[in-house]
Amino acid sequence: MAQRCWRWWHWSAWPRTRQPPAGSTPSSRQQFSTQEQTTQICVVGSGPAGFYTAQHLLKHHTRARVDIYEKQFVPFGLVRFGVAPDHPEVKNVINTFTQTARSDRCAFHGNVVVGRDVTVPELREAYHAVVLSYGAEDNQALEIPGEELPGVFSARAFVGWYNGLPEKRELVPDLSCDTAVILGQGNVALDVARILLTPPEHLEKTDITEASLGVLRQSQVKTVWIVGRRGPLQVAFTIKELREMIQLPGTRPILDPADFLGLQDRIKEVPRPRKRLTELLLRTATEKPGVEEAARQALASRAWGLRFFRSPQRVLPSPDGRRAAGIRLAITRLEPRVAHTPQQGVGDAARAVPTGDMEDLPCGLVLSSVGYKSHPIDPSVPFDPKLGVIPNMEGRVVDVPGLYCSGWVKRGPTGVITTTMTDSFLTSQTLLQDLEAGLLPSGPRPGYSAIKALLSSRGVRPISFSDWEKLDAEEMSRGQGAGKPREKLLDPQEMLRLLGR
């Protein structure tokens with residue numbers, strides 16, 4: 001999904017009677033007096049957006065109390081359930097989030113589904129401000145015939161499966177085919193391809209679940225095609241992930257030099273990160289590998305390739321109609337999005353249009369990686385279904401005072417963890433400005449004490465951060481024997497038993 005941005009909010013847009021105090025300016029160093037009453041704030045979602053929002057609020061308002069609500073039993077969102085198991089360094093942010101959660105002014109409440117167990121209006125009654133940071137928990141559908149066939153999965157579901165997302169533990173994909181096709185050319189697509197093709201022994205010391213590792217050990221997949229509607233200049237993955245694919249043990253890349261004709265001249269004017277990425281693609285596609293690399297590739301038993309200028313039209317069924325056996329692709333060409341584009345086909349100025357030709361690609365596994373999607377959380381919260389975001393101005397939810405949003409549900413499912421950090425800090429800063437300007441409710445608010453009573457009356461028993469730390473210790477203990485950082489708990493009922501419930 002292309003990144004969508006809501007226009008920046010300026011103080012001048014507020015009614016003059018509600019202007020902030022003279023001299024008040026946005027500042028990440030803003031501090032509030034410890035003499036003020038406690039400001040009760042709740043954050044919905046405990047992924048990076050939620051924790052970074054909470055961290056900033058606690059740092060810059062010494063009387064803020066922040067409650068984080070999470071529908072899963074465990075915290076950390078996509079850091080736990082989305083980051084690839086062979087990227088442990090990316091998960092180090094969990095240490096920072098843990099310090100935030102251990103603050104005596106912060107509390108984690110897992111196993112609470114906002115919109116079902118408690119409504120957003122109920123949260124707004126109990127808190128001075130509510131921040132929605134619940135991310136994008138679904139995937140964009142392909143919307144093509146055959147998408148429902150066995151053997152077709154979203155990349156999000158597949159990632160959830162190997163990363164131990166409880167609701168995906170029963171997925172168990174059939175990897176008995178020799179060819180898999182991934183639709184989409186972003187970092188998630190490369191993560192999935194890498195996990196499919198990495199020798200299982202290289203994953204044994206990661207936090208991948210033992211159940212999924214067992215399935216991968218039996219995998220017959222030898223070739224993975226990563227398919228995109230546009231060309232090499234429009235891929236959405238980054239150079240780090242591409243390098244990992246090129247250097248993946250036991251595999252060789254398949255790139256068609258014809259896809260790169262004339263690209264050398266066109267990349268001169270593109271931004272440096274895109275230029276470096278495209279140059280690496282060009283070298284891989286067109287240059288003869290050195291002696292050592294050629295020998296390595298000759299011994300490779302598996303392969304991966306990038307197929308450009310291909311748009312999925314339908315999933316082809318097996319003769320008995322019981323599962324996926326291939327995919328029909330429309331061959332595309334690029335044309336400018338806007339008339340008079342000076343350089344056709346450069347970057348996002350180009351769109352894919354069908355040429356009328358088709359191609360059938362046999363495969364037994366189809367993984368759709370065309371983007372994540374947010375859902376509306378509560379009827380009281382405005383939601384733009386087309387953009388898949390909560391309409392907002394600099395994090396302020398449109399027409400709902402005291403309600404804010406951060407992360408993917410604010411700006412769309414784009415960017416990396418540091419992008420989300422910056423975005424979340426900005427939402428926190430906006431909230432604190434509104435607080436200082438007297439735009440949030442005055443007087444005390446009950447905060448969690450009111451919500452706790454509601455949840456109790458509805459039979460909901462939240463999971464605290466100290467509960468999570470007991471589960472965390474159990475996971476690490478189970479992983480220790482196998483030399484893994486942890487063996488993730490997959491069954492919520494087992495988690496409850498371990499907590500003595």
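This passage describes the sheets, helix packing and salt bridges of a predicted model.

The model is predicted, and local features were accepted only at a pLDDT of at least 70, side-chain atom pairs only at pLDDT 80 or more, whereas totals for chains, interfaces and linings use all residues. Residues are numbered from 1 along each chain as its sequence is written, and side-chain values rest on heavy atoms, with hydrogens and water left out.

Helices (H or I, at least four residues) and strands (E, at least two) were taken as DSSP runs numbered from the N terminus. Strands of a sheet pair through backbone hydrogen bonds, in either a parallel or an antiparallel manner. Two strands were treated as paired if DSSP finds at least two bridges between them.

One open sheet has six strands in the order β6-β14-β7-β8-β10-β9, and its pairing is parallel. Its edges are formed by β6 (152–154) and β9 (251–254), each of which pairs on one side only. Between neighbouring strands of this sheet the average turn is 20°, direction ignored; axes are lines fitted to C-alpha atoms, for helices over the stretch in contact, and angles run from 0 to 180 degrees between N-to-C directions. The edge strand β6 runs parallel to β14 (residues 365–368), to which three bridges join it. Within this pair, serine 154 has serine 368 of β14 as its bridge partner.

A second open sheet consists of three strands in the order β11-β12-β13, with antiparallel pairing. Since β11 (310–317) and β13 (350–362) each have a single partner strand, they stand at the edges, and one side of each is therefore left without a neighbour in the sheet. Neighbouring strands are here turned against each other by 20° on average, direction ignored. Seven bridges connect β11 with β12 (residues 324–336) in the antiparallel sense, and arginine 314 stands opposite arginine 328 in β12.

Helix α5 (residues 155–162) lies across β6 and β14 and runs at about 80° to β6. Contact here means heavy atoms within 4.5 Å. Helix α5 also packs against α6 at an angle of about 50°, with the axes 10 Å apart. This angle makes α5 oblique to α6, given that angles under 35 degrees count as roughly parallel, over 145 as roughly antiparallel, 65 to 115 as roughly perpendicular and the rest as oblique. The crossing of α5 and α6 is left-handed, that is, the near helix is turned anticlockwise from the far one by less than a right angle, a clockwise turn being right-handed. Ala155, Phe158, Val159 and Tyr162 of α5 meet Val188, Asp191, Val192, Ile195 and Leu196 of α6. By class, these residues comprise eight nonpolar, no polar and one charged; Ala, Val, Leu, Ile, Met, Phe, Trp, Tyr, Cys and Pro count as nonpolar, Asp, Glu, Lys and Arg as charged, and the others, Gly among them, as polar.

Helix α6 (residues 187–197) packs in addition with α8 (residues 239–246), at an angle of about 20° and with axes 10 Å apart. The two helices are therefore roughly parallel to each other, and their crossing is left-handed. Asn187, Leu190, Asp191, Ala193 and Arg194 in α6 meet Glu241, Leu242, Glu244 and Met245 in α8. This contact has four nonpolar, one polar and four charged residues.

The structure contains 34 salt bridges, each defined by a side-chain nitrogen of Lys or Arg within 4 Å of a carboxyl oxygen of Asp or Glu. One of them joins lysine 71 to glutamate 137, at 2.7 Å from N to O. Lysine 71 lies in the loop between β2 (64–69) and α2 (77–81) and glutamate 137 in the loop between β4 (129–132) and β5 (138–139), so the pair ties together parts that are 66 residues apart in sequence.
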